[in-house]
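Open the model in your viewer and keep the sequence panel in sight. This tour goes from one selection to the next and says what to look for at each stop.

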Amino acid sequence: MSEIRLFVSTTEKQAEAVLDLMTAVFGEEDFAIATMEIDEKRDLWEASVYMMADEEAEVKARLEEALQAGFSHLPIEREVLPDIDWIAKSLEGLAPVRAGSFVVHGSHDRDKVKTGEIAIEIDAGQAFGTGHHGTTAGCLEMLASVARARRIRNVLDLGTGSGVLAIAAWKLLHVPVLATDIDPVATRVATENARRNGVVSGLAFATAPGFHSTTFSANGPFDLIIANILARPLMKMAPELVLNLAPGGSVILSGILAEQRWKVLAAYNGQHLKHMRTIWRNGWVTIYLAK
C-alpha cells in the first residue's frame, strides 16, 4: 500500500505555526509530521503529514479543519511516495550514535567503536529504533545515568521495536531483561538483533499488547521499566505500568513531544511516582521517574 504525503507550502514562520497545529491534531498518533526547507532565497518551506493511502481521506479532512483557523489560504498538496525501505535509506552514511556509555552503529562501522564503549550493532530493518532518533538516544543516556544511581535486578523494555534498548540494558547490567512489543515482526527482528549482538541468554522477547499477558507477572515486578512509545498510550497505561513496578523501582519514558511532557508527568504523578530528571533531544523528551 502506498504512503501519502499531504503538505502545504509557505514561509518558514508559517510552516512552524502549521507544524504546531499538526502536532496538536496528530502528535499523539502514529502519523509522522515534519517541516523542510525547499528554497532558502524565496523563504519557501513545506509542512507535511505522512500516512498510508487508506488513511488519506480522514487525515485530509482533519488537516483542512485545523487549517481553517488561520491558514485556509494555503492549499493542501499531495505526493505519493515511492515504495522504498526508508529505514534502510535513512541509515545510509549515518555516523554511529553515542549516548552515555553506549555507541549504536551499523555493521559497516564496527571499526568506529572505541575502547570502553558498550557497542550495539543495529542494521536497517523492519522494526523501529536505530539509535538515531532523539527518543532512543535519550533513553540510552538515561539508562546509563539510572544504572549508576540505582540497584537494578530485572528490566522490562515495553515496546521494544528493534530491541536496541533491551540489548543495551542487558549489556550494561547483565540482569534478566524482558522485551515486549505488540508487533510480531518487531519481536522477531529484535530477537535477531540480540543474537547478532551476542546476547543468547538472559534476554527474553514476547509479543504482547499492553500488559495483557502472563509474561509480565511471570517475569515481574521490575526494578526498571523502559517504555519508548507515544504520549497517549503511556498516559493510558500508567496504572498498569506502575502495578508492574517493584518497590523503589525506576521508570524511563520517551516517545514524548516536549509540549506533551506535562500531561505524561501528571498521569504518573497521579500514580505516586516522583519526577527525577528530564532529557531534551530534538524536540522530544525522555523522563525518569521513581517509586
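Select Thr 215 in this predicted model. Thr 215 sits in helix H7, residues 214-219. Is Thr 215 buried or exposed? Its relative accessible area is 14%, and the cut-off for buried is under 20%, so Thr 215 counts as buried. Now show what surrounds Thr 215. Setting aside residues up to four places away in sequence, Thr 215 touches Leu 178, Thr 180 and Ala 206.

**Strand E9**

Leu 178 and Thr 180 lead to the next stop. Select strand E9, residues 177-181. Five of its five residues are buried, so color the strand and look at what covers it. Turn on the side chains. In a regular strand, side chains alternate between the two faces of the sheet. Here Val 177, Ala 179 and Asp 181 point one way from E9. Leu 178 and Thr 180 point the other way.

**The neighbours of E9**

Add strand E8, residues 155-158. E8 and E9 pair in the parallel sense, over four bridges. To find the register, pick Val 155: its bridge partner in E9 is Val 177. Then add strand E10, residues 203-207. E10 also runs parallel to E9, and five bridges join the two. Which residue of E10 is the bridge partner of Val 177? Select Leu 203 to see the partner.

Next, follow the chain between these strands. From E8, trace helix H5, residues 164-173, and on into E9. E8, H5 and E9 form a right-handed β-α-β unit. Carry on from E9 through helix H6, residues 184-196, to E10. E9, H6 and E10 make a right-handed β-α-β unit as well.

**The three-stranded sheet**

Keep H5 displayed and add E6 and E7. H5 lies across E6 and E7, running at about 150° to E7. Now bring in E5. The three strands make an open sheet in the order E5-E6-E7, with mixed pairing. Strand E5 (97-99) and strand E7 (118-121) stand at the edges, each with a single partner strand, so one side of each has no neighbour in the sheet. The twist from one strand to the next averages 20°.

Zoom in on strand E6, residues 102-105, and E7. They pair in the parallel sense over four bridges. Select Val 103 and look across to Ala 119 in E7, which stands opposite.

**Two packed helices**

Move to helix H1, residues 12-26, and helix H2, residues 56-67. Their axes are 10 Å apart, and the helices pack at an angle of about 130°. That angle makes H1 oblique to H2. The crossing of H1 past H2 is right-handed. To see the contact, show Val 18, Leu 21, Met 22, Val 25 and Phe 26 on H1. On H2, show Val 59, Arg 62, Leu 63, Ala 66 and Leu 67.

**Last stop: Pro 221**

Go back to H7 and look past it. Pro 221 lies in the loop between H7 and strand E11 (222-228). Its relative accessibility is 46%, so Pro 221 counts as partly exposed. Draw a distance from its C-alpha to that of Asn 154. The separation is 8.3 Å, although the two residues are 67 apart along the chain. Which residues does Pro 221 contact, leaving aside its neighbours within four places in sequence? Select Asn 154, Asn 244, Leu 245 and Ala 246 to see them.

Terms used. Residues are numbered from 1 along each chain as its sequence is written. This is a predicted model: local features need pLDDT of at least 70, side-chain atom pairs count only at pLDDT 80 or more; totals for chains, interfaces and linings use all residues. Side-chain values use heavy atoms; hydrogens and water are left out. Buried means under 20% relative accessible area, exposed over 50%, partly exposed in between (1.4 Å probe, protein chains only). Two strands pair if DSSP finds at least two bridges between them. A crossover is right-handed if, with the strands pointing away from the viewer, the path from the first strand over the helix to the second runs clockwise. Axes are lines fitted to C-alpha atoms, for helices over the stretch in contact, and angles run from 0 to 180 degrees between N-to-C directions. Angles under 35 degrees count as roughly parallel, over 145 as roughly antiparallel, 65 to 115 as roughly perpendicular and the rest as oblique. A crossing is left-handed if the near helix is turned anticlockwise from the far one by less than a right angle, and right-handed if clockwise. Contact means heavy atoms within 4.5 Å.
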